Amino acid sequence: HKLLHHEQRGYDGYRLTNLGYDYLALAALSKRDSITRIGNRLGVGKEADVYHAETGDGEHVVIKIHRLGRTSFRAVKDKRDYHKHRHSASWLYLSRLAATREYAFLQALHKHSFPVPVPIDCNRHIVVMSLVDGYPLTQIRELGDPAKVCNTLLSVAVRLAEHGLVHCDLNEFNILIDDEEEVTVIDFPQMVSTSHPDAQAYFQRDLESLYKFFRHKFGLDEEIQLVEYSEVKRTEPLDVEVEASGFGEKELGEFESAIQTHRGVDQDQGGAEVESDSDKDGEAEAVGGSSTRGSGNAAEDSVQNSADDKGLQGNLPEVKGGGDEQADGTAEKNHKAQSPTGEPTTAAVQRKMTSLEISQKVRKQREKNAKKQASRRNVVKSEAKKKVKSELTEGAFWGYD
Ligand code: ADP
Ligand code: MG
């Protein structure tokens with residue numbers, strides 16, 4: 001059933017696929033009646049799929065299946081950092097952390113009467129929560145009282161900060177609004193504590209982008225004095241409460257660095273690609289189609305990259321450093337003549353060569369680099385092809401409760 005994948009690259013063994021991981025979580029949730037039926041897909045974001053579902057009591061809920069690592073990382077500027085990160089945790093693990101974290105936030109916020117969905121259950125990378133009877137703010141054309149809605153949202157952001165938290169993604173995609181113009185805030189895995197070094201910047205960005213959105217889309221012309229971060233007084237530290245709920249420092253560190261990577265992608269390319277193609281620039285991102293449960297729409301089904309595939313990466317060590325060498329040797333122009341230890345550098349040695357020797361050397365170097373690059377491309381392409389052929393979503397070895 002493609003729940004496991006027989007891995008023969010570098011080692012002989014089996015790994016759990018994304019689909020396998022979905023099955024394990026859904027089985028656990030259905031055993032305890034948290035879900036008994038699944039309906040349409042309500043949303044597909046860059047890091048999660050959201051489905052309509054029903055509990056054993058016939059209650060309408062949603063399940064949010066976290067899928068970290070789905071976005072393409074080809075645009076990340078410092079790829080070596082990203083590769084380093086790849087070694088530290090699998091995407092299934094990070095998806096599970098995202099779900100655990102979101103569930104913990106939902107519980108804490110619901111307990112403190114924030115306008116959020118009611119948390120119902122969580123297993124592995126899936127969160128079950130109440131279905132909000134509303135639409136994302138992006139889809140709303142008109143509001144009866146935009147100033148009131150804007151003020152409510154700004155005050156939610158301030159109250160969150162008073163409780164030690166910054167949403168970090170408080171925009172029109174993560175705000176649902178019903179017919180009475182009541183708001184519900186969703187999507188919490190990236191939320192940070194106000195003790196985070198960048199909390200102030202995130203807080204201000206949340207407030208400013210909300211205010212800007214209301215001005216542009218709903219013609220809000222009221223001047224609203226945005227609250228300064230320094231004016232916010234912390235009352236109840238919910239961040240500590242959340243971190244105490246199954247989220248140790250190790251997990252937080254791993255998770256935050258993954259989130260940071262995602263933010264980097266968003267900023268670099270102004271929005272993330274959901275698909276990764278099988279390679280132009282030597283980066284080993286391959287595509288495997290995944291068939292999610294009964295959505296009935298193969299085209300919409302998520303396209304996964306092989307971000308957690310250590311086998312593939314292991315075969316391509318030279319890709320990592322590829323960007324540093326320059327075929328024409330111009331990198332050396334920037335070098336100082338002497339290293340800090342006083343030894344002459346390559347540039348200094350080169351200055352003693354005749355121009356003929358230099359041009360011969362450069363030509364040889366160019367040929368060598370071109371050969372290297374061609375063979376690197378071939379390896380990447382053939383690996384990518386194999387990957388597509390397997391038509392399996394990527395997984396990892398662990399994930400059993
Ligand atoms: P992502 O991390 O992918 O952005 P979100 O939590 O923002 O995930 O959910 C994606 C979409 O799913 C939302 O824009 C919304 O349309 C829908 N959605 C999410 N949670 C709920 C909910 N509790 N009730 C109704 N719709 C929801
Ligand atoms: Mg969202």
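**View 1. The whole chain, helix by helix and strand by strand.** In this predicted model, the protein chain works out to eleven helices and 14 strands. It runs to 401 residues, and 48% of them are buried. Look at contacts with a separation of 6 or more, and you'll find that 68% of them join residues 24 or more positions apart. As for the outside, the chain has an accessible surface of about 20800 Å², with carbon and sulfur atoms making up 50% of it.

**View 2. Who sits around ligand 1.** The shell here has 19 residues, and the closest include Lys 64, Ser 130 and Val 132. Asn 174 and Asp 187 are also among the closest. Sort the shell by type and you get eleven nonpolar residues, plus four polar and four charged ones.

**View 3. Polar contacts to ligand 1, zoomed in.** Start with Ser 130, where a polar backbone atom is 3.0 Å from a nitrogen atom of the ligand. Asn 174 uses its side chain instead: an N or O atom there is 2.9 Å from a ligand oxygen atom. Asp 187 also brings in a polar side-chain atom, 2.9 Å from an oxygen atom of ligand 1.

**View 4. How ligand 1 is covered, and by which strands.** On its own, ligand 1 would expose 550 Å², but the protein buries 87% of that. Which elements give two or more residues to the shell? They are β4 (48–54), β5 (60–66) and β7 (126–130).

Key
Residues are numbered from 1 along each chain as its sequence is written. Chains are lettered from A and ligands numbered from 1 in the order in which they are written. This is a predicted model: local features need pLDDT of at least 70, side-chain atom pairs count only at pLDDT 80 or more; totals for chains, interfaces and linings use all residues. Side-chain values use heavy atoms; hydrogens and water are left out. A residue is near a molecule or strand if one of its heavy atoms lies within 4 Å of it. A polar contact is a pair of N or O atoms within 3.5 Å; within protein, one must be able to donate a hydrogen and the other to accept it, and residues adjacent in sequence count only if both atoms are side-chain atoms. Accessible areas come from the Shrake-Rupley method with a 1.4 Å probe; for residues, only the protein chains shown count as cover. Helices (H or I, at least four residues) and strands (E, at least two) are DSSP runs, numbered from the N terminus. Ala, Val, Leu, Ile, Met, Phe, Trp, Tyr, Cys and Pro count as nonpolar, Asp, Glu, Lys and Arg as charged, and the others, Gly among them, as polar. Buried means under 20% relative accessible area, exposed over 50%, partly exposed in between (1.4 Å probe, protein chains only). Contact means heavy atoms within 4.5 Å.
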